[in-house]
Amino acid sequence: MLDRRNLILGSGAALAGAGLIAPGRALAAGTQIALPQDVSTERRNTVTAAPTRARLVALTFDDGPHPRLTPQLLDLLKARRVRATFFVIGRNVARYPDIVKRMVDEGHEIGNHTWRHPVLSQLGTASVLRELDRTSEAVYRAVQRIPVTMRPPYGALSASQRAMVAREREMPTILWSVDPEDWRRPGAEVVASRIVGRARPGAIILSHDIHAPTVRAMPAAIDGLSEAGYRFATVSMILGQRDWSKLRWRLPGAARVSD
Ligand SMILES: [Zn+2]
């Protein structure tokens, strides 16, 4: 049997056990899900796509918030009633907490993308956890809840580190199944057509809200996905969990870090 606790966001009991939610506020049991094809038992802390045949996708945006582009993106997501997930950089959260507040107010999910965007695979355990904890604390200060998922910069986190992060912070590593390579700046039209052309049920779509062409690509990408019958969910929701913003979160008391 697969261990759901290690596979996805974790049951309420698992989260409560880690001190991430207040006792008595356990998550509703998520629907049972099958192990994704791309997540073997060795990689069960890692998610690249949701194991669903429903035409659901999760748009994810990394590296923000950006003071000008992220609000533009939020405007167009709001106009289309689309929920997304933002893997934010902690030090940007500290600079622009109001934008993070707006994300949450408008139904989006916040994920942890480290404090200063290092290559985590080159860091030791204490440094990795410090990157995550500083970011979770900044998010908590902004919106009074903490991320329940993380994405390593450049996708760079070893299997043993992914297991460590899941064990120490109950956070699955969220990668992606669709990469339009928007950071290479191929142009808005190319970004949009790659996203629409490569989407599959359960896809987790990687983009960056710090590039203007990416934001310009989103209307066509969203409209194209909608016309293909796709609906949009946050990462937690596409993995069968409740909307993270409906939960009461608190930081673990005195997080201790050891190597
Ligand atoms: Zn990044």
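Here a trainee asks a mentor how the labels put on this predicted model are justified.

Mentor: Ground rules: this is a predicted model in which local features need pLDDT of at least 70 and side-chain atom pairs count only at pLDDT 80 or more, while totals for chains, interfaces and linings use all residues. Residues are numbered from 1 along each chain as its sequence is written, and side-chain values use heavy atoms, with hydrogens and water left out.

Trainee: What makes Asp63, His113 and His117 donors of the zinc ion?

Mentor: Donors are N, O and S atoms within 2.8 Å of the metal (3.2 Å for Na, K and Ca), and water is not among the atoms, so sites may look incomplete. Asp63 uses OD, while His113 and His117 each use NE2, at 2.0 to 2.1 Å, so they fit that rule. Along the sequence, the donor spacing reads D-x49-H-x3-H. Asp63 and His117 sit 54 residues apart, Asp63 in the loop between strand 2 (56-62) and helix 3 (69-79), and His117 in the loop between strand 4 (109-112) and helix 6 (125-143). Those helices (H or I, at least four residues) and strands (E, at least two) are DSSP runs numbered from the N terminus.

Trainee: Why is Asp63 called buried?

Mentor: Buried means under 20% relative accessible area, exposed over 50%, and partly exposed in between (1.4 Å probe, protein chains only). Asp63 has 11%, so it counts as buried. His117, at 17%, is buried too.

Trainee: What is unusual about the phi of Thr114?

Mentor: Most residues other than glycine have a negative phi, and most peptide bonds are trans. Thr114 has a positive phi, near 75°, and is not a glycine. Thr114 lies in the loop between strand 4 and helix 6, and its relative accessible area is 0%, so it is buried. Glu170 also has a positive phi, about 55°, and at 8% relative accessibility Glu170 counts as buried.

Trainee: Which peptide bond is cis?

Mentor: The one from Gly64 to Pro65, with omega near 0°. Pro65 is in the loop between strand 2 and helix 3.

Trainee: How do you know that Arg55 sits over the ring of Tyr230?

Mentor: A charge sits over a ring if NZ of Lys or CZ of Arg is within 6 Å of the ring centre and within 35 degrees of the ring normal. Arg55 lies over the face of Tyr230 at 4.3 Å from the ring centre, so the distance is inside the 6 Å limit.
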